[in-house]
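Work through these exercises with the model open beside you. Try each task before reading its solution.

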Amino acid sequence: MSKDNKLSVKKDKNKDSQYVPPEWAFEFHGHRCPFMPIGYRMGKLALEYLGIEREKDHGFFVFPEIGEGHPQTCMVDGIQIATGATYGKLLMEKTFYGKLAATFYHPQKGAVRYSLKPDFIDEMGKFEFFAYRKRGVEPSQIPESVANEVIDWSYEQPHEKVFDVTKRPDFKFSPPKGSFNKAKCSICGEYVFERYLRQKDGQLVCIPCSGYEKNKK
Ligand SMILES: [Zn+2]
Ligand SMILES: [Zn+2]
């Protein structure tokens, strides 16, 4: 990983803000874009709102409203980085609404929804970065100065200008009950966790070997 930290050349007064992602976040994400940092800030604010720390284990959930086949979903990497509610820990479930918003839920502390204000999105869309994106240029191929211009601008926007915040007192979520039980598929011999085992001719099998169509849950 490259250690030439080019952004640090730019002396930004907000650079040390707790809402600005650390350099490793950009390395993890893969490129410099404005949406990962916005998601990072959203995640930090949601933790503060709910009065909780970054999640170490499995006790906090995020429901991003992004879908598929649309831009600006980079936000969700920033949310994961800030909150520790990661895809791999099964703490994140997309709603597929195709919106730039997310609900943050802690079983004891409740739920809050953050969404990006349309006016903020419109204003940000005027930056040259998005002219490149609309021509199909990938973020890593966009000149760094162009990317930093919109990122730095976003850092300067106050929280109230960027986010709408709504408490969701009625929000409920029960994660599926966890189990360590597993068995080997009688056809391919690979381990399968129990909720995904199927029966075929009286034998336990995995979903691909079962011949059934893919099951969502
Ligand atoms: Zn990105
Ligand atoms: Zn199998």
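**Exercise 1. Place Phe61 and decide whether it is buried or exposed.**

Solution. Start with the element. Phe61 belongs to strand β1. The model is predicted, so burial is judged here from computed positions. Next, count neighbours. Phe61 has 22 C-beta neighbours inside 10 Å. The cut-off for a buried residue is 20 or more. Phe61 therefore counts as buried.

**Exercise 2. Find which residues Phe61 contacts, leaving aside neighbours within four places in sequence.**

Solution. Take Ala85 to begin with. Ala85 is in contact with Phe61. These two residues are 24 positions apart along the chain, yet their C-alpha atoms are separated by 6.1 Å. Now complete the list. Leu91, Tyr105 and Phe173 also touch Phe61.

**Exercise 3. Identify the residues with the most contacts inside the largest nonpolar core.**

Solution. This core has 36 residues. Phe61 is one of those with the most contacts inside it. The others are Met42, Val62, Met75, Ile79, Ala102 and Phe104. Then ask which elements supply the core. Those giving two or more residues are α2, β1, α3, β2, β3 and α6. Of these, α2 gives the most, with seven residues.

**Exercise 4. Check the length of helix α2, then describe its burial.**

Solution. Helix α2 covers residues 35–50, which is 16 residues. At 1.5 Å a residue, the expected span is 22 Å. The end C-alpha atoms lie 22 Å apart, so the two values agree. Now look at burial. Of the 16 residues in α2, 12 are buried, and the helix is mostly covered. Among the buried ones are Phe35, Met36, Tyr40, Met42 and Leu47. Finally, look just past the helix. Gly51 follows α2 and has a positive phi, near 70°.

**Exercise 5. Work out the strand order of the open sheet and say which strands stand at its edges.**

Solution. The sheet has four strands, in the order β1-β2-β3-β4. Their pairing is antiparallel. β1 and β4 (163–167) are the edge strands. Each has a single partner, so one side of each is left without a neighbour in the sheet. On average, neighbouring strands are turned by 20° against each other, direction ignored.

Now zoom in on one pair. β2 and β3 (residues 110–116) run antiparallel and are joined by six bridges. Thr103 has Arg113, in β3, as its bridge partner. Then add the helix. α2 packs on the sheet and touches β2, β3 and β4. The direction of α2 makes about 150° with that of β3.

**Exercise 6. Show why the buried residues of α6 line one face of the helix.**

Solution. First, the helix itself. α6 has 13 residues and reaches 18 Å from its first C-alpha to its last. That is close to the 18 Å expected at 1.5 Å a residue. Second, the buried residues. In α6, these are Ala147, Val150, Ile151 and Ser154. Third, look down the axis. The buried residues of α6 fall within an arc of 100°, so they line one face. Fourth, find what they meet. They pack against α2, α4 (118–124) and α5 (128–134). Last, turn to the face away from the buried side. That face of α6 carries the exposed residues Ser145 and Glu156.

**Exercise 7. Locate Gln72 and Phe96, and state how exposed each one is.**

Solution. Take Gln72. It lies in the loop between β1 (61–64) and α3 (75–83). Its phi is positive, about 75°, although Gln72 is not a glycine. Gln72 has 19 other C-beta atoms within 10 Å, so it is partly exposed.

Take Phe96. This residue sits in the loop between α3 and β2 (101–106). Phe96 also has a positive phi, near 60°, and is not a glycine. It has 11 C-beta neighbours inside 10 Å. The cut-off for exposed is 12 or fewer, so Phe96 counts as exposed.

**Exercise 8. Step back and describe the chain as a whole.**

Solution. Count the elements: eight helices and eight strands. Then take the extent. The C-alpha trace spans about 65 × 40 × 30 Å along its principal axes. Next, burial. Of the 217 residues in the chain, 26% are buried. Finally, contacts. Among those with a separation of 6 or more, 63% join residues 24 or more positions apart.

Notes: Residues numbered from 1 in each chain as written. Chains lettered and ligands numbered in written order. Predicted model: local features only at pLDDT ≥ 70, side-chain atom pairs only at ≥ 80, totals over all residues. Expected span 1.5 Å × (residues − 1). Pairing = 2+ DSSP bridges. Axes fitted to C-alpha atoms, helices over the stretch in contact; angles between N-to-C directions. Contact = placed C-beta atoms within 7 Å. Core = buried A, V, L, I, M, F, W, Y, C linked by C-beta atoms within 7 Å. Arc of directions from axis to C-beta.
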